[in-house]
Amino acid sequence: MSKAIVSSLYDSDVFRMACRQFDKAADAISLPEAIRDRTKYPRRCLAVSLPVKRRDGSVTVFEGYRVQHNLSTGPSKGGIRFHQHVTLGEVAALAMWMSWKTSLVGLPYGGAKGGVIVNPSELTESELEHLSRRYMQEMVNFVGPHVDVPAPDVGTNEKIMAWMMDTYSNHVGHVASAVVTGKPIALGGSQGRREATGAGVAYLTKKYLEDLKLPVNKATAVIQGFGNVGSETALALSNYGAKIIAISDYTGAVYNPKGIDLNKALTYVRYQKTLHDFDGGEPISNDALLELKCTVLAPCALERVITDKNAAKLKCRVLAEGANGPTTNAADKIIEERGDIELIPDVLCNSGGVIVSYFEWLQNLSNYYWGRDEVLQKLFGMLDKAKDAVDAQKRKFKFSRRLAALTLGIQRVADAKQSRGLFP
Ligand code: NAD
């Protein structure tokens, strides 16, 4: 018997949601009690204060976190989020999902996540650089190519990864490209990394549409979030022939039943920063967007947007979770009971990002670089394998697809911990 004595450190809606998913999966595979809590709870976390000198000469102290959930299966891996509503509990939940994801797709990694409470759009470029460097400076003894390897997430990008890689390299005294992934190509970034998550979401969506005998070139798609994952998912689905009928960001959504002109939208966002007042369709709310009739709905923004309030009203055939944790436990139950929606769970659906991050890390460690076609071919091969494994588990145990994916991910982490034993 093992029993966790757990504080309220991570307590939050999203951490409880990740814990409930774990408990359900652990029950489904009868995970022994002795290994449960060790597998479930984050291994360690670091909270830091980050003073940044502002343009007007004042100093603002930002709060940042890094949570390493599992280090038993390799260095931990996971993005860093810059968002005004980040909490330690959210970062812990995201770190937990990273553990199941890396394990599910067979990467030699554990799971981690980082976050800073900040709205990056309110900082000047120089303030953002200082904040990013300060964060990495505080993390120097906590991360590393063989310890924990960060990457971009919401609100962070290649440029921020470059500043972080530079800061770490200056501290250790040599070029340490493998300390972060999602870097610019000039610093050892991988071909195909920028589009990897969205390309993977679109690839898996196409595969599931094929299973349903629905031609992708007749499909309509609705995408929530038009950042890295949402825009690349939209582009890749559109390249497969799907019609993107709605897109959105935090300012609102745009609906056009004839199809959104994606290049126009991308150019608009490049200059205006958001989709606000984009004239490529009718403005609607993000809530209305989720309930549009479409073949594919891809939430690619934040957690907990599909809830018990709207799950019964979804009118999609495939729900492709580009974001992490977009569907609450209650919504999951409703979707399962409805039975008419193919759900591609986050840990499978958006795993293309961490797979190509793994390729980037491998290329950095070996100093041997691959071409884009090679990267994408290897990515799709790994996604095919993960999809087959999840669907076989689903069939064998009559699980939902989420439960199938989570049980596979959790079992491997638990097996690794069991085999390593407990350090006295
Ligand atoms: P991003 O910062 O590039 O884009 C986020 C987008 O979501 C922006 O367009 C933003 O305006 C929009 N958004 C924010 N709040 C919103 C709201 N309330 N309603 C509608 N839109 C909203 O971030 P990203 O890297 O594209 O990440 C998006 C999601 O994908 C996150 O859940 C992230 O954890 C997940 N993810 C990212 C990667 C990656 O490689 N970047 C990999 C796997 C999973």
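## Salt bridges and a domain interface in a predicted model

Glu374 and Lys378 sit together in helix α13, 4 residues apart, which is about one turn of the helix. Their side chains form a salt bridge, with the closest N and O atoms 2.8 Å apart. The model looked at here is a predicted one. Neither partner of this pair is tucked away in full: Glu374 counts as partly exposed because its relative accessibility is 33%, and Lys378 counts as partly exposed too, at 35%.

Helix α13 covers residues 372-397, and two other residues in it are worth a look. Lys385 also lies in helix α13. With a relative accessibility of 66%, Lys385 is over the 50% cut-off, so it counts as exposed. Its C-alpha atom is 26 Å from that of Lys218, a residue 167 places away along the chain. Then there is Gln393, again in helix α13. Is Gln393 buried or exposed? At 11% relative accessibility, Gln393 is under the 20% limit, so it counts as buried. What does the side chain of Gln393 make a polar contact with? The partner is the side chain of Thr407, at 3.0 Å. Thr407 is also one of the residues that Gln393 touches once its neighbours within four places in sequence are set aside; the others are Lys398, Phe399, Ala404 and Leu408.

A similar one-turn pairing turns up in another helix. Arg133 and Glu129 are joined by a salt bridge between their side chains, 2.9 Å from N to O. Both belong to helix α4 (residues 125-139), and because they are 4 residues apart there, about one helical turn separates them. Arg133 is partly exposed, with 22% relative accessibility. Glu129 is partly exposed as well, its relative accessible area being 25%.

How many salt bridges are there by this rule? The count comes to 30. One of them links places that are far from each other in sequence: Arg81 is in strand β3 and Glu303 is in the loop between β10 (296-299) and β11 (318-320), so this pair ties together parts 222 residues apart along the chain. The closest N and O atoms of Arg81 and Glu303 are 2.6 Å apart. Arg81 and Glu303 are both buried. This pair also has company, since Arg81 and Glu303 belong to a network of salt bridges that includes Glu90, Lys113 and Asp153.

Now for the bigger picture. The chain is split into domain 1, residues 13-187, and domain 2, residues 196-349. Taken over C-alpha atoms, the centres of the two domains are 26 Å apart. Where they meet, 17 residues of domain 1 are in contact with 13 residues of domain 2. The size of an interface is often given as the accessible area lost when the parts come together. Here domain 1 and domain 2 bury about 1200 Å² between them, and 53% of that is on carbon and sulfur atoms. Which residues of domain 1 lose the most area to domain 2? They are Met17, Trp97 and Lys101, which together make up 38% of what that side buries.

Charged and polar pairs also show up between the domains. There are 2 salt bridges between domain 1 and domain 2, and the interface has 4 residue pairs in polar contact. On the side of domain 1 that touches domain 2, the elements giving two or more residues are α1 (13-28), β3 (76-83) and α3 (88-104). Sorted by class, that side of domain 1 has 7 nonpolar, 2 polar and 8 charged residues.

A last stop is Ala47, found in strand β1 (residues 44-53). With a relative accessible area of 53%, Ala47 is over the 50% mark, so it counts as exposed. Which residues does Ala47 touch, leaving out those up to four places away in sequence? The contacts are Gly64 and Tyr65. Glu63 is 16 residues from Ala47 in sequence, and in space the two are 7.2 Å apart, C-alpha to C-alpha.

Terms used: Residues numbered from 1 in each chain as written. Predicted model: local features only at pLDDT ≥ 70, side-chain atom pairs only at ≥ 80, totals over all residues. Heavy atoms only, no water. Domains from an automatic or database assignment. Contact = heavy atoms within 4.5 Å. Buried area = accessible area lost by both parts, 1.4 Å probe. Salt bridge = Lys/Arg side-chain N within 4 Å of Asp/Glu carboxyl O. Polar contact = N/O pair within 3.5 Å; in protein donor to acceptor, adjacent residues only side chain to side chain. Nonpolar A, V, L, I, M, F, W, Y, C, P; charged D, E, K, R; others polar. Buried < 20%, exposed > 50% of the residue type's maximum accessible area, 1.4 Å probe, protein only.
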